[in-house]
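Let's take a walk through this structure together, one piece at a time. Have the view open and turn it as you read.

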Amino acid sequence: MQNIVVLISGGGSNMVAIAQAAEREQWQARFDARIACVISNRAQAAGLAKAADLGLTTQLIDHTLYQKHSHPREAFDSALMQAIDVYQPSWVVLAGFMRILTPGFVVHYQGRLLNIHPSLLPAFPGLHTHQRAIDAGCRFAGATVHQVTVDLDDGPILAQAVVPVLPDDSADTLAARVLTQEHLIYPRVLAQLLSRQP
Ligand code: GRF
């Protein structure tokens, strides 16, 4: 069994796209793969309800509960690791998970930790990628699926999708155009990786 654990913080549209692809493409039958759990660090994440509606197991690990800890990031990541490791996942999929992860976490899942970032990396790591692409006068923008390494939005690139930046674009219109492509490339990369596993 290849377990996939998906981490979200917000709308969860990438998670939904992956779950729908898994259904449509019969990942369970073809790859012995399933989304074992969707974990959010935010109680208000709309993606949690969407995951539950899809019949997926969900879990909340609220990062604010760790803020008073002497090492809040380490404490949160350690709780997150414990929750994830219950499933012995083949793949840990960051899908709009808006947390910077500690090196200990990244190293623990090295080689099976994936992220999607809404820019054509290595351009525009970090936040506000769409506005930055517009401000820089880019004619093209896009998204990148990559392996996660200890450096933020770095790591081997597995797939990219390109969209045009149109003259009247706002960050929102560009983000929406990029997101439609994210929903295509993230499930595609996962299916490819799952098909290679024994
Ligand atoms: C996506 O653009 C993702 O690349 C970025 O945050 C957004 C999350 O969207 N990191 P969703 O939660 O998958 O709808």
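Let's begin with a single ring: F105 counts as buried, at 0% relative accessibility. Bear in mind as we go that this is a predicted model. Y109 is buried too, with a relative accessible area of 0%. The rings of F105 and Y109 have their centres 4.8 Å apart, with 55° between their planes, so this pair is tilted. Why tilted? An angle under 30 degrees would count as stacked and one over 60 as edge-to-face, and the rest are called tilted.

That pair has company, since searching the whole structure turns up two aromatic pairs. Y66 and F76 form an edge-to-face pair, with 5.8 Å from centre to centre and 70° between the planes. Y66 sits in the loop between β3 (58–60) and α4 (72–85), while F76 belongs to helix α4, so the pair ties together parts that are 10 residues apart in sequence. How covered are these two rings? Y66 is partly exposed, at 22% relative accessible area, whereas F76 is buried, at 0%. F76 has another neighbour as well: R99 lies over the face of its ring, 4.6 Å from the ring centre.

Now step back to the sheet. It's an open sheet of seven strands, with mixed pairing, and the order runs β3-β2-β1-β4-β5-β6-β7. Which strands are at the edges? Those are β3 and β7 (157–164), each of which pairs on one side only. From one strand to the next, the twist averages 20°.

Let's zoom in on strand β1, residues 2–8. This strand is mostly covered, with seven of its seven residues buried. Q2, I4, V6 and I8 point one way, and N3, V5 and L7 point the other way, yet all of them are buried. On one hand, β1 runs parallel to strand β2 (residues 33–40), and seven bridges join the two. You can spot V5 standing opposite C37 in β2, and L7 has I39 as its bridge partner in β2. On the other hand, β1 pairs with strand β4 (residues 91–94), again in the parallel sense, over four bridges. There the bridge partner of L7 is L94.

Follow β2 next. This strand is mostly covered as well: seven of its eight residues are buried. β2 also pairs with β3 in the parallel sense, over three bridges, and in β3 the bridge partner of V38 is T58.

What about the end of the sheet that holds β7? Strand β6 (residues 140–147) and β7 run antiparallel, with seven bridges joining them. Look for A141, which stands opposite V163 in β7. Helix α7 (residues 171–196) packs on the sheet, touching β1, β2, β4, β5 (113–117), β6 and β7. The direction of α7 makes about 155° with that of β7.

To finish, trace α7 from end to end. This helix has 26 residues and reaches 37 Å from its first C-alpha to its last, close to the 38 Å expected at 1.5 Å a residue. Which residues of α7 are buried? Among them are L174, V178, E182, I185 and Y186. Further along, P187, V189, L190, A191, L193 and L194 are buried too.

Conventions
Residues numbered from 1 in each chain as written. Predicted model: local features only at pLDDT ≥ 70, side-chain atom pairs only at ≥ 80, totals over all residues. Heavy atoms only, no water. Phe/Tyr/Trp six-rings, centres within 6.5 Å; stacked < 30°, edge-to-face > 60°. Buried < 20%, exposed > 50% of the residue type's maximum accessible area, 1.4 Å probe, protein only. Lys NZ or Arg CZ within 6 Å of the ring centre and 35° of its normal. Pairing = 2+ DSSP bridges. Axes fitted to C-alpha atoms, helices over the stretch in contact; angles between N-to-C directions. Contact = heavy atoms within 4.5 Å. Expected span 1.5 Å × (residues − 1).
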